[in-house]
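This report is intended for a reader who is new to the structure shown below. Please keep the sequence and the model in view while reading.

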Amino acid sequence: MEPVTFGIIGGGWRTDFFLRAAQELPERFRVGGMLVRNAEKGEAITQRWGVPTCRTLDELLKTPHLKFVLISVPWSETPVMIRALAERGMPALAETPPAPDLPALVALDAVIRRGARVQVAEQYAFQPLHAARIALARSGKLGQISQAQVSVAHGYHGVSLMRKFLGLTYEDATVRAREFISPIVTSPGRDGLPAEESISESNQLIAWLDFDGKLGIFDFTGDQYFSWIRKNRLLVRGERGEIDDAEVRYLLDQRTPIEMTLRRVNTGENGNLEGLYPKGILLGDEWIYTNPFAPGRLTDDEIAVATCLAKMAEYAEGGDDFYSVPEASQDHYLGMMIAQAARTGERVRTERQPWAS
């Protein structure tokens, strides 16, 4: 099987995740070229990754066997590049969010309705543990899901998980939100450890989203991405059971409670010589998730990114949506309504948007 060739627009921090996935899985993916307008930055990327760079979109689109183009640019530029690729008939995989604000999302919806072939690289649902928990929530073991408490990621990322666990699409919600600031030892960041220990302000955002019978609770502080003392948390409740982080409890029948743990299976541990990669996640004797990119040495987020690339390749060949612009727009819209509720201190009622029809 020939590797899928794709292009990249942009050369920021986030593009490295896609470059690493392609580098580790050369039999699956190939970065044919990158559009990086700054020549010096482009040369540095070529030296580091061995990927050719160019300065114009038309030059990028001359790349042989190009299946789609990843857009990884500032929010304000994403819809501009989506339109440019749509005009040239090239499928696009846009980083999140697909547009910066509500007017831009509504305007982008019109582009999608005219036939633009676009998906969005929302990767969180494809991370192994989240994928396993989503599969469990949809399995029926927990019954009808009524509540999801998500403390995993900011804004639209956290909302996307909440919506998937609750089994929602474009339903409206009543939103309440508050922010809480507390002290914390300064966390590591993208550039590693700080030079010395200091105290920073940690801003926590908590929101309640009442979807008229289903409850979503969003709880996140940005420290969680890198902090060693602020862990992610998840609670999903259904009428017959719940997922509490990796613990699973449900009723087999009225008299039989079951308790199990989502158990991650890794190679390379305790003398294992298979390599170094996650095999998958077991629930009892059932593989509830298996790593589709084994034996590639990828982090969980890189596995999720590679999943987006694989699904985008199928989509570009005429396959189904896997995370559409309307879905991404809805999640970003809900995230903006959470921010509005926190800013004003008032309840906010969402309204059905054009992309929901």
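## Disulfides and cysteines

How many disulfides are there? The count comes to zero disulfides, a disulfide being a pair of cysteine sulfur atoms within 2.5 Å. The model is predicted.

Two cysteines may be described by their accessibility. Cys54 has a relative accessibility of 6% and therefore counts as buried, the limit being under 20%. Cys308 is likewise buried, with a relative accessible area of 0%.

## Strand 10 and its partners

Strand 10 covers residues 215–221, and six of its seven residues are buried, so this strand is largely enclosed by the rest of the structure.

Strand 10 pairs with strand 7 and with strand 9. With strand 7 (residues 145–151), strand 10 runs parallel, and four bridges join the two. Here Gln147 stands opposite Leu215 of strand 10. With strand 9 (residues 199–210), the arrangement is antiparallel and is joined by seven bridges. Ala207 has Phe218 in strand 10 as its bridge partner. The hairpin formed by strand 9 and strand 10 has four residues between the strands, and Asp212 in this hairpin takes a positive phi near 55°.

## Helix 1 and its surroundings

Helix 1 spans residues 15–24. Seven of its ten residues are buried, so helix 1 is largely enclosed by the rest of the structure. The buried residues are Thr15, Asp16, Phe17, Phe18, Leu19, Ala21 and Ala22.

Which elements do the buried residues of helix 1 pack against? They pack against three strands, namely strand 1 (4–9), strand 2 (29–35) and strand 4 (66–71), and also against helix 2 (39–49) and helix 8 (300–316).

Notes. Residues numbered from 1 in each chain as written. Predicted model: local features only at pLDDT ≥ 70, side-chain atom pairs only at ≥ 80, totals over all residues. Heavy atoms only, no water. Buried < 20%, exposed > 50% of the residue type's maximum accessible area, 1.4 Å probe, protein only. Pairing = 2+ DSSP bridges. Contact = heavy atoms within 4.5 Å.
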